[in-house]
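This report walks through one structure step by step, beginning with a single strand and working outward. Please keep the sequence and the view of the structure at hand while reading.

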Amino acid sequence: MTLDELKQYARERYIPVMADETKKLLFETVRERMPRRILEIGTAIGYSGIVMLSASPLATLNTVELSESAAAQARKNFAEWNMSERVNVFVGDAREIVPQLTGKYDFVFLDGPKGQYETFFPYLTELLEKGGTLVCDNVLYKGLVEHVPEDKRHKHITVARNMRAFLLGITSDARYSTTLYRVGDGVTVSTKLV
Ligand SMILES: C[S@@+](CC[C@H](N)C(=O)[O-])C[C@H]1O[C@@H](n2cnc3c(N)ncnc32)[C@H](O)[C@@H]1O
């Protein structure tokens, strides 16, 4: 299967995978920075993991996924791409798993539960080494982060509010240099300065 076929497979089954422009940005960012230890929150079926490992051939990946079935499919896909030895898939709630992680990473891709980015941020900051990169997807969340709907019952409003707080926090955090890219659902690329 090619990456495009994998994307097709996912979309036909309503499995979320990142937008094409986001994939391009992620690939180019990883290719430029060549990380060796990558952490990902939100594996889905491994599409973004395969993108990152393809861009940095010496990297290893620890990736966390809540859904057992998605994680099982991800393991199969990593095997098909001959990447199994470079990947650990942790199955469970990232809110429980991430605080238990130790060691240092030089690249983190945050693409998990949308309303929770602020919860992960202190842990990810601790895990990320100086000079490391934090990429966060969906930070503009369907456009709702910048244009909060009038209807307060809007089902996405809590997520949008949380994401807005996260985005304001990370872009004003002196420990990071952050660029917001208006591609896909909005992506930040942050370099940890300290
Ligand atoms: C947008 S998808 C990830 C897409 C993937 N990164 C890609 O582009 O190929 C988000 C994933 O996060 C997972 N997820 C949601 N809540 C989670 C949680 N609390 N802990 C771990 N994973 C979670 C979902 O099951 C879903 O597979």
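## A covered strand and its partners

In this predicted model, strand β1 is mostly covered, since 4 of its 5 residues are buried. Strand β1 is joined to β2 by 5 bridges, and the two strands run parallel; within this pairing, isoleucine 38 has leucine 61 of β2 as its bridge partner. Between these two strands the chain passes through helix α3, and the resulting β-α-β crossover from β1 to β2 is right-handed.

Strand β1 also pairs with β4, again in the parallel sense, over 4 bridges. Here isoleucine 38 meets phenylalanine 107, which is its bridge partner in β4.

## From β4 onward to β5

Strand β4, residues 105-110, is in turn joined by 5 bridges to β5, residues 128-137, and these strands run parallel. In that pairing phenylalanine 107 stands opposite threonine 133 of β5, while the bridge partner of isoleucine 38 in β4 is phenylalanine 107 as well.

## The sheet as a whole

Which order do the strands follow across the sheet? The sheet is open and has 7 strands, arranged as β3-β2-β1-β4-β5-β7-β6, and its pairing is mixed. Strands β3 (87-91) and β6 (176-181) stand at the edges, and because each has a single partner strand, one side of each is left without a neighbour in the sheet. On average, neighbouring strands of this sheet are turned by 15° against each other, when direction is ignored.

## Helices on the sheet

Helix α3, which comprises residues 47-55, lies across four strands, namely β1 (37-41), β2 (60-65), β3 and β4, and runs at about 170° to β2. Helix α4, residues 68-80, also packs on the sheet, where it touches β2 and β3, and the direction of helix α4 makes about 170° with that of β3.

## Around the ligand

How many residues surround the ligand, and which are the closest? The ligand is surrounded by 18 residues, of which the closest are Gly42, Ala44, Tyr47, Ser48 and Ala94. The elements that contribute two or more residues to this shell are α3, β2 and α5 (94-97); helix α3 and strand β2 thus appear here again, having already been described as running at about 170° to one another.

By residue type, the shell around the ligand divides into 10 nonpolar, 4 polar and 4 charged residues.

Note on methods. Residues numbered from 1 in each chain as written. Predicted model: local features only at pLDDT ≥ 70, side-chain atom pairs only at ≥ 80, totals over all residues. Pairing = 2+ DSSP bridges. Axes fitted to C-alpha atoms, helices over the stretch in contact; angles between N-to-C directions. Contact = placed C-beta atoms within 7 Å. Buried ≥ 20, exposed ≤ 12 C-beta atoms within 10 Å, placed from the backbone. Right-handed = clockwise from strand over helix to strand, strands pointing away. Near = placed C-beta within 6 Å. Nonpolar A, V, L, I, M, F, W, Y, C, P; charged D, E, K, R; others polar.
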